[in-house]
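Dear colleague,

Please find below the structure that I am handing over to you. My notes on what was found in it follow directly after.

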Amino acid sequence: MPWVVGVSGASGTPYAASVLRGLLAAGLPVDLVVSRAARLTLLDETGIAWRDGAGAWPGALADWLGATLAGDRRPDRDQITARIAELARVHGADNLAAGPSSGSYPTRGMIVVPASTASIAGIALGLSKDLLQRAADVTLKEGRRLVVVPREMPFTGATLRHLVDLHAAGAVVAAASPGFYAGAVDAQALVDFVAGRVLDAAGVANTLFRRWTGELGAARADRPGLAQ
């Protein structure tokens with residue numbers, strides 16, 4: 001059964017990329033939905049012009065997941081491309097006839113990353129205005145795991161109320177708030193920390209970040225070039 005991943009229009013496509021890489025590395029199938037607004041964000045943050053067509057998205061997804069934050073080729077690009085061919089499937093955000101729009105379509109759950117305030121409101125209110133919102137609504141009504149990853153801040157009172165409503169409905173609200181105890185020395189490590197904690201919330205095993213061991217200063221001591 002696949003995980004559904006919804007990417008909405010908030011800034012934060014690197015978080016989505018890291019979560020997707022983590023799911024694929026775990027050998028888990030992924031049904032991906034990129035909202036219309038997220039296409040603009042993806043273009044702005046990566047230069048990738050996203051298309052949902054069968055002949056377009058595999059290459060675009062490989063370019064996205066197979067690149068560093070600086071736009072360089074990742075050393076594991078070939079492995080990522082192979083996993084995409086085996087495990088990934090993309091549905092257009094306007095395709096309300098796609099599998100994830102129905103509760104009879106079996107999934108493990110859904111992750112919305114990043115979750116814009118508009119998508120949070122739409123899911124909380126049950127608007128189902130596109131496939132992303134509909135799939136999230138289905139995930140909740142079927143009692144499956146829904147992880148929502150808001151990145152925009154500060155929150156308005158309305159957004160805070162919507163997040164509380166989602167929590168009450170059974171969703172996990174996992175804000176994109178990186179921790180610094182894992183010894184991160186670059187932006188990618190901070191991104192991977194958030195993605196790893198999101199996957200933790202989804203119940204997906206991962207090794208995206210260094211976990212707390214109970215030893216103060218251990219992460220700093222392991223950094224290359226620092227005095228012990």
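Which residues does A219 touch, not counting residues up to four places away in sequence? In this predicted model, A219 touches Y181, A182, G183 and R210. The residue itself sits in helix α9, which covers residues 218–221. A219 has a relative accessibility of 10% and therefore counts as buried, since the term applies to values under 20%. With respect to A54, the separation of A219 is 165 residues in sequence and 44 Å in space, taken from C-alpha to C-alpha.

I turn next to the nonpolar cores. The largest of them has 43 residues. Within this core, the residues with the most contacts are L23, L32, W50, L61, W64 and I111. Another core lies apart from it and has 19 residues, including V4, M110, I120 and L131.

W64 may serve as a point of entry to the largest core, as it is listed among the residues with the most contacts there. When its neighbours within four places in sequence are left aside, W64 is in contact with V7, T13, A16, A17, L20, R21, L42, T46, I48 and W50. W50, one of these partners, is likewise listed among the residues with the most contacts inside the core.

Two helix pairs also deserve your attention. Two packed helices are described by the angle between their axes and the distance between the axes.

The pair α5 and α7 comprises residues 117–125 and residues 157–168, respectively. These helices pack at an angle of about 45°, and their axes are 9 Å apart. Because of that angle, α5 is oblique to α7. The crossing of α5 and α7 is left-handed. On the α5 side, T117, I120, A121, I123, A124 and L125 take part, and they meet T159, H162, L163 and L166 in α7. Sorted by class, this contact of α5 with α7 has seven nonpolar residues, three polar residues and no charged residues. I120 of α5 is also one of the residues in the core of 19 residues.

The pair α3 and α4 comprises residues 57–65 and residues 77–87, respectively. Here the packing angle is about 145°, with the axes 9 Å apart. The crossing of α3 and α4 is right-handed. From α3, the contact involves W57, P58, L61, A62, D63 and L65; from α4, it involves R77, I80, T81 and I84. The contact of α3 with α4 divides into seven nonpolar residues, one polar residue and two charged residues. L61 of α3 is among the residues with the most contacts inside the largest nonpolar core.

With kind regards

Conventions
Residues numbered from 1 in each chain as written. Predicted model: local features only at pLDDT ≥ 70, side-chain atom pairs only at ≥ 80, totals over all residues. Heavy atoms only, no water. Core = buried A, V, L, I, M, F, W, Y, C linked by side-chain atoms within 4.5 Å. Buried < 20%, exposed > 50% of the residue type's maximum accessible area, 1.4 Å probe, protein only. Contact = heavy atoms within 4.5 Å. Axes fitted to C-alpha atoms, helices over the stretch in contact; angles between N-to-C directions. Helix = DSSP H or I, 4+ residues; strand = E, 2+ residues; numbered from the N terminus. Parallel < 35°, antiparallel > 145°, perpendicular 65-115°, else oblique. Left-handed = near helix turned anticlockwise from the far one by under 90°. Nonpolar A, V, L, I, M, F, W, Y, C, P; charged D, E, K, R; others polar.
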